[in-house]
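Biologist: Before I accept the labels on a model, I want to hear the reasoning behind them. Please take me through this one.

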Amino acid sequence: EFNFTHAKPRARAAPPAGDPLLFDDTSSAAPPMNSQGFYTPGYNMGGAPAGGPGGAGVNNLFADPMASAAMIYGSSLANQGKDIVNKEISRYVSVNKLKYFFAVDSKYVMKKLLLLMFPYTHQDWEVRYHRDTPLTPRHDVNAPDLYIPSMAFITYILLAGMALGIQNRFSPEVLGLCASTALVWVVIEVLVMLLSLYLLTVHSDLSTFDLIAYSGYKYVGMIFTVLGGLLFGSDGYFVALAWSSCALMFFIVRSLKMKILSSLSHDSMGAGASAKPRLRLYITVATAAFQPIIIYWLTSHLVR
C-alpha cells in the first residue's frame with residue numbers, strides 16, 4: 001500500500017557544471033567586457049546587431065586602413081591622369097585661349113546673329129581691349145567667337161538631314177559626306193589665309209582661332225539659305241542665298257579690315273612696302289568673295 005499523503009515533491013537538480021548547455025540564454029546576460037573593464041565596441045545594448053548585416057560591412061570598409069589608403073591612392077592617380085591629359089592638350093591647343101572664344105551669353109548670341117544677317121547699320125567694328133587684352137565676346141559684339149560657328153555647324157548637319165529626308169534621299173553616308181565636306185572647306189580656307197598672310201609677312205592680331213571663327217560664320221548663312229529653299233522653293237533659296245552672301249561679305253570685309261589693313265603701321269617700310277596695302281586689300285576682298293561660292297556649293301544639292 002502506498003501512502004500518497006506524505007510524498008514530498010522531488011527537487012530538480014542543477015545541471016552539472018562541466019556539461020555544456022545546448023542553447024545559451026543571453027536575454028539577461030551582461031555585455032562582454034574586455035580586459036580593461038570596458039564594453040567591447042560594436043555591441044548593441046538592445047540586443048540587435050548594430051546597423052543590420054550590411055551596416056557592419058560598410059563600417060568595416062571605411063574603418064579598414066587598407067581600403068582608405070586604396071581610395072586615396074586611386075584619387076591621386078585620377079588627378080595625375082587629369083593633369084597629364086590637360087598638359088598634352090595644352091601642348092597643341094591653348095585651353096585658356098579656347099575658353100576665351102566660348103565666353104558668350106545669350107545676349108551676345110542674339111546680337112551677333114543680328115549683326116551677321118543685318119550688318120549694314122553697324123558703325124563701330126573695332127575690337128575693344130582692356131590692358132592690351134581683347135575683351136571676351138560677351139562684352140564685345142565685335143569679338144570673334146567659336147560658339148556660334150560650332151552650334152551653326154551642328155544645326156546645318158541636322159537641317160541637311162531633314163532636307164534629305166523630305167526628298168527621300170537620306171542615308172548616313174550622304175549625311176556624313178555633307179559634314180566632312182563642310183569641315184574640309186573651312187580647313188582649306190583657313191590654311192589658304194594663313195599661307196597668304198605668311199607669304200606677305202603681314203603682322204596682324206589674327207590668330208588661327210580668329211580665322212576659324214570668321215570662316216565658320218558662313219554656317220549661319222547656309223542655315224538661312226536652306227530654310228529659304230525648304231519653305232519657299234527655288235525662288236526662296238536664291239533670294240536667301242543672295243541676302244546671306246551679301247551680308248556675310250560685308251561682315252567679313254569690315255571685320256578683317258580692322259585686323260589686316262590696320263596693321264600697316266606696325267610693318268617696317270622697305271622695298272616693295274607700297275604694294276602691301278594693295279595685296280592686303282586683295283586678301284580681304286578675296287576672302288569675302290569666296291564665301292558665296294562655298295555657301296552655294298554646300299547648299300545647292302539640299303534644295304530641289
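## Labels and their grounds

Modeller: A record comes first: UniProt, in an unreviewed entry, places the feature "transmembrane region" at residues 146-168, 174-199, 211-231, 237-256 and 279-298. The coordinates themselves are a predicted model.

Biologist: What makes residues 174-199 and 211-231 helical in the model?

Modeller: Residues 174-199 are 100% helix and 0% strand, with end C-alpha atoms 37 Å apart. For residues 211-231 the values are 95% helix and 0% strand, and the ends lie 32 Å apart.

Biologist: What is the overall make-up of the chain?

Modeller: Nine helices and two strands are assigned in the protein chain. Their order from the N terminus is α-α-α-α-β-β-α-α-α-α-α. Of the 304 residues, 31% are buried. Among contacts between residues at least 6 apart in sequence, 74% join residues at least 24 apart.

Biologist: How do you know whether H8 is straight or bent?

Modeller: A straight helix of its 42 residues would reach 62 Å at 1.5 Å a residue, but the end C-alpha atoms of H8 are only 19 Å apart. H8 bends by about 150° at Phe232. H4 can be put to the span test as well: it has 12 residues and reaches 17 Å, close to the 16 Å expected.

Biologist: Which residues of H4 are buried, and what covers them?

Modeller: Tyr108, Val109, Lys112, Leu115, Leu116 and Met117 are buried in H4. The cover over the buried residues of H4 includes H5 and H8.

Biologist: Why is the contact between Lys218 and Glu189 called a salt bridge?

Modeller: The label requires a side-chain nitrogen of Lys or Arg within 4 Å of a carboxyl oxygen of Asp or Glu. In this pair the closest N and O atoms are 2.7 Å apart, so the label applies. Lys218 lies in helix H8 and Glu189 in helix H6, so the salt bridge ties together parts that are 29 residues apart in sequence. The structure holds one salt bridge.

Biologist: Are the two partners buried or exposed?

Modeller: Buried means under 20% relative accessible area. Lys218 has 1%, so it counts as buried. Glu189 has 7%, so it is buried too.

Biologist: What does Thr287 touch, and is it buried or exposed?

Modeller: Thr287, in helix H9, touches Glu189, Met193, Ile252 and Leu256, leaving aside residues up to four places away in sequence. Its relative accessible area is 11%, so Thr287 is buried.

Biologist: Why is Ser150 called partly exposed?

Modeller: Partly exposed covers values between the 20% limit for buried and the 50% limit for exposed. Ser150, in helix H5, has 27% relative accessibility and therefore counts as partly exposed. Its C-alpha is 9.0 Å from that of Ala213, although the two residues are 63 apart in sequence.

Biologist: Why is H7 described as largely enclosed?

Modeller: Seven of its nine residues are buried, so the rest of the structure largely encloses H7. The buried residues are Phe209, Asp210, Leu211, Ala213, Tyr214, Ser215 and Gly216.

Biologist: Which residues of the largest nonpolar core touch the most other members?

Modeller: Tyr156, Tyr217, Phe251, Ile260 and Leu302 do, in a core of 49 residues. The elements giving two or more residues to this core are H4, H5, H6, H7, H8 and H9. H8 gives the most, with 11 residues. Apart from this core lies another, of six residues, among them Phe101, Leu146, Phe209 and Ala213.

Biologist: What does Leu302 touch?

Modeller: Not counting residues up to four places away in sequence, Leu302 touches Tyr156, Ala160, Ala163, Leu164, Gln167, Arg169, Cys178 and Val226.

Biologist: What makes Arg131 and Asp132 worth a comment?

Modeller: Most residues other than glycine have a negative phi. Arg131 has a phi near 55°, a positive value in a residue other than glycine. Asp132 is not a glycine either, and its phi is positive, about 65°. Arg131 is in the loop between strand E1 (129-130) and strand E2 (133-134), and Asp132 is in the loop between E1 and E2.

Biologist: How do you know whether they are buried or exposed?

Modeller: Exposed means over 50% relative accessible area. Arg131 has 74%, so it is exposed. Asp132 has 75% and therefore counts as exposed.

How values were computed. Residues are numbered from 1 along each chain as its sequence is written. This is a predicted model: local features need pLDDT of at least 70, side-chain atom pairs count only at pLDDT 80 or more; totals for chains, interfaces and linings use all residues. Side-chain values use heavy atoms; hydrogens and water are left out. A nonpolar core is a set of buried Ala, Val, Leu, Ile, Met, Phe, Trp, Tyr and Cys residues joined through side-chain atoms within 4.5 Å. Buried means under 20% relative accessible area, exposed over 50%, partly exposed in between (1.4 Å probe, protein chains only). Helices (H or I, at least four residues) and strands (E, at least two) are DSSP runs, numbered from the N terminus. Contact means heavy atoms within 4.5 Å. The expected span of a helix is 1.5 Å times one less than its number of residues. The bend at a residue is the angle between axes fitted to the seven residues ending there and the seven starting there. UniProt positions are given in the numbering used here, feature names are shortened, and annotations may be inferred rather than shown by experiment.
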